[in-house]
Amino acid sequence: MSYTIYNFLNNDDVKVLHQAGQFQVIQWDRDLSVAPWSAQEAWFASQMDVRRRQLVATLDGRTGVTLQAGAMQWTVGQIHANTGVKSAGDLFGKMVRGAVSQDSIIKPEYSGTGMLVCEPTWRHLLLLDLSQWGNSVVLNDGLFLACDSTIRHDLQRRSNMSSAVAGNEGLFNLRLDGTGVVALESPCPQTEVLYIDLQNDELKVDGNYALAWTSGLEFAVERSGKSLIGSAVSGEGLVNVYRGTGRIMMAPMQPATSYNTNAANPTD
């Protein structure tokens, strides 16, 4: 069996932005599928690098792909999907992870040989090699898109549960362990991402700017000052604190809670 794809990766409007492992991030430089009344808006959007992007995975039969639920657009070749649930205990664990984080309970796994293409998104797609993160990374909520199926999914609890509640933050984050590549949907492009390496030090962030961090870091939500009065005077209140030795990936802006990823029209 074989297949041939025309006018996709060899399209003049398609650019490969990043590639790692079996994943490619492609970008449609021009969006010609617009109506006359939306062409002007689409043109101005393109000037600000608001473009459709897609994640493409080429499977060779050895390593499968785990996706966020609903992320697959189409596949070609001998590719098979399953729920990724290995046992009743595994299902219970997935239900717990979904209940305490902004994550889908079931993440389908795709295996075989062929090509898998994810739904278009207006967000930026980042590829992380876990070998550069000590083979264990913690993600902020809502960023996970895909990863190699050999990577394990678990939960990482905040170090300070009471302050996390006070700071209106979740108590748990998705942690990924193992070797392979992870794909994230990010509010900012790779060129704007900040990386901070800590050596037995601490980082305090006033806001939800961190995208990912190594799991060995202690993570808590604390008052910015030593006392309630000091925090009130500083005007900062509660801050996210990362302590220890490891790496933090940060965005220069907070993820927009109302960001619409509808690929038909970025302003719908």
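Start with the contacts across the whole chain: 79% of those with a separation of 6 or more come from residues 24 or more positions apart, a contact being heavy atoms within 4.5 Å. This is a predicted model, in which local features need pLDDT of at least 70, side-chain atom pairs count only at pLDDT 80 or more, and totals for chains, interfaces and linings use all residues. Residues are numbered from 1 along each chain as its sequence is written, and side-chain values use heavy atoms, with hydrogens and water left out.

Keep the full chain selected and colour by secondary structure. Four helices and 16 strands appear; these are DSSP runs numbered from the N terminus, helices being H or I with at least four residues and strands E with at least two. Switch to a surface: about 13800 Å² is accessible, and carbon and sulfur atoms hold 51% of that (Shrake-Rupley method, 1.4 Å probe; for residues, only the protein chains shown count as cover). Of the 268 residues, 44% are buried (under 20% relative accessible area, with a 1.4 Å probe and protein chains only).

Next, select residues 124-129, strand S7. Five of its six residues are buried, so S7 is largely enclosed by the rest of the structure. Add residues 181-186, strand S12, which runs antiparallel to S7 and is joined to it by six bridges; strands pair if DSSP finds at least two bridges between them. Within this pair, leucine 128 is opposite valine 182 of S12.

Finally, go to glycine 207, in the loop between strands S13 (194-205) and S14 (210-214). Glycine 207 has a relative accessible area of 19% and therefore counts as buried. Show valine 239 as well: its C-alpha lies 6.6 Å from that of glycine 207, although 32 residues separate the two in sequence.

Methods
Buried < 20%, exposed > 50% of the residue type's maximum accessible area, 1.4 Å probe, protein only.
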